[in-house]
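Me: I would like to go through the reasoning behind a few labels given to this model. Could you set each value against the cut-off that it has to meet?

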Amino acid sequence: DLAARMAERAADVVKYLMKQGQMVRVNDVLDSDTAELIIEDFGHIAKRVSESDVEEGFIDSDDPEEAKKPRPPVVTVMGHVDHGKTSLLDALRETDVAAGEAGGITQHIGAYQVKLKSGDRITFLDTPGHAAFSAMRSRGAQATDIVILVVAADDGVMPQTIEAIKHAQAANAPIIVAVNKMDREGANPQKVLTDLLQHEVIVESMGGEVQAIEVSALKKTGLNDLTDAITMQAELLELTANPDRPADGVVVESQVEQGRGSVATVLVKRGTLKRGDIVVAGSQWGRVRALIDERNQQLKSIGPSQPAEILGLDGAPEPGELFAVVDSEARAREIVDYRQRQKRQSASAAGTGGASLEQMLARLKTSESQEVPLVVKADVQGSAEAIAQSVEKIGNDEVKARVIHGAAGGVNESDILLAKASGAPVFAFNVRANKQARELAEKEGVEIRYYSVIYDLIDDVKATLEGMLAPEK
Ligand code: GDP
């Protein structure tokens, strides 16, 4: 490949390397530094692949409108622990009418698709939890179209309910509320809906636009109403994608299994993924040897919003990483080589792309967005609110601070993930971060600032906003 690109003979390149004491064959892979030396010695100019070359095909210009066809919605279930996320996902699985035709869903692959009586399809990501959702988003993958917020009718809005709302709002994903455990004595759906008001989730019965459905995952009631609500929401979103192009999408799960090698569940965002395609996923690549769905069936191809396991990658990409089909092995190698180099570089320059105040400001300066996002945790709800109010008054038409999440309590992992995904620093007022949160913040390059005097905190925000404006005047 290298010889061809230089318009030289492959044999000459091999000979050259042998003279240098490197025994290579024509199809061996060279590292990029060696390649660069060869190119120069042959009198050519090396052009390193840039990020935009590499990402081409991943964030390609949009498809023409007329090529786009409707696609099923992709739905994530979130909510407080024990409110019934897992039970609801299990129950929804049984709404599948295709179960009779093709055998039921037999294996957990991180996502499944159900076919409704109406013929509509819905794809559920069944890795519940805010961590998975944020991990995907922080890698730039907006996999979810709709968030189902599960709230137990006998327990009401709890801290992780609120976290889930923040995550959905930050991702701009519409919420459908599933008021679960309606079979329980003491179920009080009205209280759930009223409590949600405080968090800007205004359901239809209260004059808002959010659908709320009463269900029991245990007794399997209300499930059809819930799937109806999802299809209705999906229609409003007018979800479309072009199926007639090389596929790209997102990695949902992956692992290396004995005897099967690397197994990655992918979700196609657009295009059609076929057996035999060459795929790059994060910094792994390979030829798709098999496509297997949640019913353990071998498929020839999958289209937009459809999940499947793929076999054939040379390693396990991280959940949330993007994948795309490329046209040749050489191209795949080039991209992977570039990414691995980038990874090594960013590992040595710790903290790049993170969420410290400085990095965020640097990003803001070069972007249109002039809202400075902040995550605020405080010892009591009252202080969190007071801080949010004061901070949001600072600034002017050009720049403003916005508290995307303000709550009472110590800084936890969910805060860090939210901060990372939104590129926001965390302001901790009279509270500490727990060990897991500190480690995660360190790893993800999220800055946590600690304060014990409100005015210090506000002054800091003020100073930074003023600092941003100064150069323009
Ligand atoms: P998750 O932590 O949100 O995934 O919650 P689970 O699905 O594990 O449910 C937690 C507990 O609540 C389990 O014991 C379930 O059996 C129970 N549960 C879930 N849904 C319902 C329901 O609709 N009614 C009743 N009575 N119990 C439920």
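Reply: What follows takes one lysine and then the nonpolar cores, in a model that is predicted.

Me: Why is K85 said to have no salt bridge?

Reply: A salt bridge requires a side-chain nitrogen of Lys or Arg within 4 Å of a carboxyl oxygen of Asp or Glu. For K85, which is buried, the nearest side chain of opposite charge is D82, at 7.2 Å, so the pair does not meet that cut-off.

Me: What makes the approach of H80 to the side chain of K85 a polar contact?

Reply: The backbone oxygen of H80 lies 3.0 Å from a polar atom of that side chain, and because the limit for a pair of N or O atoms is within 3.5 Å, the distance qualifies. K85 itself lies in helix α5, which spans residues 85-93.

Me: Which residues have the most contacts inside the largest nonpolar core?

Reply: This core has 25 residues, and those with the most contacts inside it are L88, F124, I148, I176, L226 and I230. Among the elements that give two or more residues to the core are α5, β5 (146-152) and α10 (223-237), and the largest share, 5 residues, comes from α10.

Me: What does L226 touch, leaving aside its neighbours within four places in sequence?

Reply: L226 is in contact with L88, L92, I148, I176, A178, I213 and V215. Apart from this core lies another, of 21 residues, including A164, I175, V201 and V203.

Conventions. Residues numbered from 1 in each chain as written. Predicted model: local features only at pLDDT ≥ 70, side-chain atom pairs only at ≥ 80, totals over all residues. Heavy atoms only, no water. Helix = DSSP H or I, 4+ residues; strand = E, 2+ residues; numbered from the N terminus. Buried < 20%, exposed > 50% of the residue type's maximum accessible area, 1.4 Å probe, protein only. Lys, Arg positive; Asp, Glu negative; His and termini not counted. Polar contact = N/O pair within 3.5 Å; in protein donor to acceptor, adjacent residues only side chain to side chain. Core = buried A, V, L, I, M, F, W, Y, C linked by side-chain atoms within 4.5 Å. Contact = heavy atoms within 4.5 Å.
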